[in-house]
Amino acid sequence: MDNKTSITALMSSFGRAYHVENTKEPIFDDTKARELMTDEEYSMIADYILSGIDFFAPDKKDSFENREETLKYLVNTQIAPTPLARAAFCEDALKTAIHTGTEQYVILGAGMDTFAFRESDFLKKYDVFEVDHPLTQEDKQKRIERAGWTVPERLHFVPIDFTKDDMCTKLSESGFNPQKKTFFSWLGVSMYLNRQAIENMLQNIASLSADGSDLVFDYADAGLFVSNVKRVQNMLAMAKAGGEEMQSSFDQMSLEIMLSEYGFLVYEHLNYNEIQNRFFSGRTDWLSAFEHINYVHVVLKK
């Protein structure tokens with residue numbers, strides 16, 4: 001990811017904000033996401049999504065009665081499913097980990113994550129480290145200031161350029177304690193990296209973490225780049241056009257072998273069908289699990 005505010009992070013934040021405002025049964029209730037955007041910015045993103053109807057779903061161009069229905073269809077089919085479900089999966093896993101001794105939380109590629117401002121009780125007991133590119137983080141801090149939020153004492157911003165900086169050093173300088181059991185989230189990132197960069201991250205996490213630490217991340221399966229599903233093709237094209245081209249995919253066995261090489265044992269692994277059943281079953285608002293995107297929760301055993 002180059003030196004700019006991540007377009008992907010902003011679109012994911014919009015998806016979470018829109019979802020809370022437009023459903024009575026949220027998959028993930030991010031009550032703070034909307035506050036990180038101005039009204040003008042929120043409206044501009046909505047207009048941008050609407051202007052893409054010919055790209056996203058040309059066969060649906062004349063299917064809706066009004067602007068609101070069209071926007072809801074586009075957001076719920078193209079933008080929101082993965083940011084919602086992976087966040088719900090991750091924070092459910094974090095709550096479980098707290099009961100088994102986790103004492104600090106590291107959010108890798110934090111983007112516009114609002115956990116530290118939604119979960120005030122957590123921040124009274126545990127440290128949270130948001131790790132991201134310096135420019136993305138600078139933009140987020142300006143948004144936090146504009147929203148009038150108070151930054152919790154236990155929230156630590158850790159700006160890292162992964163092409164230049166050592167993550168272990170940067171975290172240590174920010175107060176990270178390698179002796180404490182840690183929960184790491186790494187969402188919406190792995191598919192944009194090549195295999196070597198992914199292995200480097202796994203090695204870094206393993207080297208600085210206490211035994212029993214958790215890692216939750218999402219990844220693309222082996223069918224991603226050959227998929228004939230229109231919205232998958234849309235996602236690939238959008239990522240490339242935005243300068244954040246997707247680079248990696250794995251079959252489940254290969255991924256689990258790679259994880260085991262760095263000491264990670266799989267605690268839970270959800271494929272497309274399992275994600276659909278857990279988070280989207282019975283919905284009638286066009287929301288459904290995104291094809292070829294999988295979630296995994298692993299535990300470090302040294």
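This is a short tour of a sheet, a helix that packs on it, and two cysteines.

Before you click, note that this is a predicted model, where local features need pLDDT of at least 70, side-chain atom pairs count only at pLDDT 80 or more, and totals for chains, interfaces and linings use all residues. Residues are numbered from 1 along each chain as its sequence is written, and side-chain values use heavy atoms, leaving out hydrogens and water.

**Stop 1: the sheet.** Show the cartoon and find the seven strands of an open, mixed sheet, ordered E3-E2-E1-E4-E5-E7-E6. Strands (E, at least two residues) and helices (H or I, at least four) are DSSP runs numbered from the N terminus, and two strands pair if DSSP finds at least two bridges between them. Select 155-159 for E3 and 264-270 for E6: these are the edge strands, each pairing on one side only. From one strand to the next, the twist averages 20°; angles run from 0 to 180 degrees between N-to-C directions, with axes fitted to C-alpha atoms, for helices over the stretch in contact.

**Stop 2: E1 and E4.** Now select 104-108 (E1) and 182-186 (E4), parallel strands joined by five bridges. One partnership to look for is Leu108 with Trp186 of E4.

**Stop 3: the helix.** Select 195-208, helix H10, which packs on the sheet and touches E1, E4, E5, E6 and E7. Here contact means heavy atoms within 4.5 Å. The direction of H10 makes about 165° with that of E4.

**Stop 4: the cysteines.** Why is there no bond between Cys90 and Cys168? Their sulfurs are 20 Å apart, too far for one. A disulfide needs two cysteine sulfur atoms within 2.5 Å, and the count is zero. Cys90 is buried at 2% relative accessible area, and Cys168 is buried at 17% (buried is under 20%, exposed over 50%, partly exposed in between, with a 1.4 Å probe and protein chains only).
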